[in-house]
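Q: Could you take me through one part of this protein closely, strand by strand, and then show me how that part sits within the rest of the chain? I work at the bench, so a plain walk through the model would suit me well.

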Amino acid sequence: MGIFKIRLFRGRSPRRSGSHAPANATPIRSVRRKFLLRGEEYSVVLRPEAERNRLTVREQTFVVSLSPSTRENFDRFMQEWYRRQARKTFQAAVDRWLPLFAAAGHALPRPRLKIFAMRRAWGRCYYTKGLITLNLHLVKTPSTCIEYIVLHELCHFVVSNHSQAFYRLVASFLPEWRAADELLKTFARERRVIR
């Protein structure tokens, strides 16, 4: 019986109902920095000691409920929240482009999406694997930029390189792709989206 108790409680102690912050956690009362989503800037209002983590968008504000109210919990929650927003946003862009490819005679299989926080690339296409990887930080940029990068990667399923044929294909779907590309570069540089 005693051995069973030792094994059961070895390592981390079991969580009781209601989250409690670890002893070395950093309390958080406010967040001063701004956050970006689809090209818009948002401030943060914290609602500490909520029942669970939650984010509500009110005009240009993220209202973030936290339990527990720690810097570590906030950072982890925001990373997960951005990942969910990115998946929904990127998948919606793929869903908008695929019928247009089919109408142009390029019936593409629905690609799998993977999302990573990348330092140098906005996206990559692994056409032989039916896979597109997109940069998590892309969700912070204007919608035009998101649509352009998703289109760019989908075009690689038709033309695998960056030849003139590739850019003609991109232009056939998005004639103003150069403006979108320039907007993305400018926005990312000015807002320090990729660090």
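A: Happy to help; what follows is a close look at strand 4 and its surroundings, and then a wider tour of the chain.

Please keep in mind that this is a predicted model.

Let's begin with the overall layout. The protein chain holds five helices and seven strands, and along the sequence they come in the pattern α-β-β-β-β-α-β-β-β-α-α-α. Of the 195 residues in the chain, 43% are buried.

Strand 4 belongs to an open sheet of four strands in the order 1-2-4-3, with mixed pairing. Strand 1 (35-37) and strand 3 (54-58) stand at the edges of this sheet; each has a single partner strand, so one side of each is left without a neighbour in the sheet. On average, neighbouring strands here are turned by 35° against each other, direction ignored.

In general, strands of a sheet pair through backbone hydrogen bonds, and the pairing is either parallel or antiparallel. Strand 4 takes part in both kinds. With strand 2, strand 4 runs parallel, and five bridges join the two. On that side, Ser43 stands opposite Thr61 of strand 4. With strand 3, strand 4 pairs in the antiparallel sense, over five bridges. Here Val57 stands opposite Phe62 in strand 4, while Thr56 is set opposite Val63. Strand 3 and strand 4 also form a hairpin with two residues between them, and Glu59 in that turn has a positive phi of about 50°.

Now to the side chains of strand 4. In a regular strand, side chains alternate between the two faces of the sheet. In strand 4, Thr61, Val63 and Ser65 point one way, Phe62 and Val64 point the other way, and all are buried. Strand 4 is thus described as mostly covered, with five of its five residues buried.

Just after the strand comes a loop worth a stop. Ser67 is found in the loop between strand 4 (61-65) and helix 2 (71-103). Is Ser67 buried or exposed? Ser67 counts as buried because its relative accessible area is 12%, which is under the 20% cut-off for that class. The side chain of Ser67 also reaches the backbone oxygen of Ala50, at 3.2 Å.

Follow the chain onward and you enter helix 2. This helix lies across strand 1, strand 2 (40-47), strand 3 and strand 4, running at about 15° to strand 1. Helix 2 also lies across strand 5 and strand 7, and its angle to strand 5 is about 145°. The helix is therefore in contact with strands of the four-stranded sheet and with strands 5 and 7 as well. One residue of helix 2 to look at is Lys88. Lys88 counts as exposed because its relative accessibility is 55%, and the cut-off for exposed is over 50%. Lys88 and Val139 are 51 residues apart in sequence, yet their C-alpha atoms are 9.7 Å apart in space.

That brings us to the other sheet. It is an open sheet of three strands in the order 5-7-6, again with mixed pairing. Strand 5 (112-116) and strand 6 (123-126) are its edge strands, and each pairs on one side only. Neighbouring strands of this sheet are turned by 20° against each other on average, direction ignored. Strand 6 pairs with strand 7 (residues 131-135) in the antiparallel sense, over four bridges, and Arg124 has Thr133 of strand 7 as its bridge partner. Helix 3 (residues 143-155) lies across strand 6 and strand 7, at about 155° to strand 7.

Since you work at the bench, you may want to know about the cysteines. The structure holds zero disulfides. Cys125 is in no disulfide, and the nearest cysteine sulfur, that of Cys155, is 9.7 Å away. Cys125 counts as buried, because its relative accessibility is 16%. Cys145 is buried too, with a relative accessibility of 0%.

Finally, two values for the chain as a whole. Among contacts between residues at least 6 apart in sequence, 48% join residues at least 24 apart. The accessible surface of the protein chain comes to about 12500 Å², and 50% of that surface belongs to carbon and sulfur atoms.

Notes. Residues are numbered from 1 along each chain as its sequence is written. This is a predicted model: local features need pLDDT of at least 70, side-chain atom pairs count only at pLDDT 80 or more; totals for chains, interfaces and linings use all residues. Side-chain values use heavy atoms; hydrogens and water are left out. Buried means under 20% relative accessible area, exposed over 50%, partly exposed in between (1.4 Å probe, protein chains only). A polar contact is a pair of N or O atoms within 3.5 Å; within protein, one must be able to donate a hydrogen and the other to accept it, and residues adjacent in sequence count only if both atoms are side-chain atoms. Two strands pair if DSSP finds at least two bridges between them. Axes are lines fitted to C-alpha atoms, for helices over the stretch in contact, and angles run from 0 to 180 degrees between N-to-C directions. Contact means heavy atoms within 4.5 Å. A disulfide is a pair of cysteine sulfur atoms within 2.5 Å. Accessible areas come from the Shrake-Rupley method with a 1.4 Å probe; for residues, only the protein chains shown count as cover.
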